[in-house]
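This report concerns the pairing of strands in one protein model. Please view the sequence and structure below before reading on.

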Amino acid sequence: MKKQIRNCLLLSTLTTISIYGINKAISISSSLKNYLNTDKETFFNWRYGNVFYSKQGKGEPLLLIHDLNPASSSCEWDKIAKHLAKKHTVYCLDLLGCGRSDKPNMTYSNYLFVQLITDFIKNVIGTKSDLIASGDSTSFALMACNMEPNHFNKIIIINPSSLESLAKTPNKRKNALKFMLDLPVLGTMIYNIVFSEKAIDRIIHEEYFYKSHMVPSKTIGTYYEAAHMNNSCGKYLLSSIKANYTNINIVHALKKINNSIYLIGSKGNSESESIINSYISRNPSIEASCISESKYLPQLEVPEKLLDILNLYLDPVK
């Protein structure tokens with residue numbers, strides 16, 4: 001009996017060591033191409049960790065917030081930031097838990113990101129700013145505007161999350177999943193499977209781009225690298241997302257906001273029209289536009305079409 005227990009413990013130890021080695025190898029190999037270059041390092045030393053950001057251009061400040069996903073980063077804006085910088089001072093940041101920013105072991109809540117946005121505007125930008133947010137960053141962008149309206153001018157949301165999905169809350173089953181993902185070795189292994197290069201390739205081709213054959217290989221590599229920076233500690237953000245801690249019901253805030261809100265949807269998303277209409281039904285002053293031949297990331301797929309709309313909203317002809 002003792003021998004069986006000893007063999008079992010030895011096998012478990014060897015398995016754990018092997019998984020740890022594989023996890024470490026993935027973390028190292030994912031950054032070999034160095035798509036997320038940090039030669040020009042600029043960090044906001046925030047209370048919960050260092051937040052990477054870039055700044056370019058001159059003019060009224062404009063803050064760009066990428067989609068809330070452990071594989072996302074400010075590289076989401078690479079094809080339009082330089083053009084927007086012709087008339088604006090453009091700030092692009094990697095959200096905490098994403099890209100080149102720190103990825104601390106903590107629960108990432110909606111209010112955490114609300115604090116990050118408002119603190120960044122107060123301490124880095126230093127004045128009222130226009131804001132463009134993408135996808136699942138919808139809720140905390142609008143909540144930040146609701147809580148600190150004097151820090152914001154115009155709010156533009158690209159492919160906003162549905163109000164129903166944002167209203168989902170944590171429960172026992174979701175917390176059990178979070179506990180598993182947060183485990184040191186096993187959780188990292190699960191995370192690495194979820195964000196394998198093949199899995200990221202599939203998601204981007206099937207869900208992010210309308211013309212899937214047009215996806216650049218660099219885009220896949222950038223998302224893969226972002227997901228695994230800092231020893232795949234993006235798993236802590238993923239566990240919070242999966243457990244619904246980054247959600248919040250924004251209906252009440254949406255009705256209260258007096259700032260100008262603009263929504264941009266993609267015609268390639270089957271639910272885009274109904275989602276946008278649900279926002280407008282809560283706040284009739286919201287303006288909306290749709291972009292053809294794009295899905296989730298028009299800023300990467302059809303940047304010229306998106307810029308035409310953004311310029312119209314940001315710099316209307318007087």
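What follows describes the strand pairs of this predicted model.

**Antiparallel pairs**

Strand β1 covers residues 43-46 and strand β2 covers residues 49-56; the two run antiparallel and are joined by four bridges. The connection from β1 to β2 is a hairpin of two residues. Within this pair, F44 has V51 of β2 as its bridge partner. Strand β2 is also joined to strand β4, residues 88-93, again in the antiparallel sense and through four bridges. Here Y53 lies opposite L93 of β4.

**Parallel pairs**

Strand β5, residues 129-134, runs parallel to β6, and five bridges join them. I132 has I156 of β6 as its bridge partner. Between the two strands the chain passes through helix α4, residues 138-147, and the resulting β-α-β crossover is right-handed. Strand β6 also pairs with strand β7, residues 261-266, in the parallel sense over four bridges. In that pairing, I157 stands opposite L263 of β7.

The four pairs are listed here.

| Strands | Sense | Bridges |
|---|---|---|
| β1 and β2 | antiparallel | four bridges |
| β2 and β4 | antiparallel | four bridges |
| β5 and β6 | parallel | five bridges |
| β6 and β7 | parallel | four bridges |

**Burial of β6**

Is strand β6 largely enclosed or largely open? Burial means a relative accessible area under 20%. Six of the seven residues of β6, which spans residues 152-158, are buried, so this strand is largely enclosed by the rest of the structure.

How values were computed
Residues numbered from 1 in each chain as written. Predicted model: local features only at pLDDT ≥ 70, side-chain atom pairs only at ≥ 80, totals over all residues. Heavy atoms only, no water. Pairing = 2+ DSSP bridges. Buried < 20%, exposed > 50% of the residue type's maximum accessible area, 1.4 Å probe, protein only. Right-handed = clockwise from strand over helix to strand, strands pointing away.
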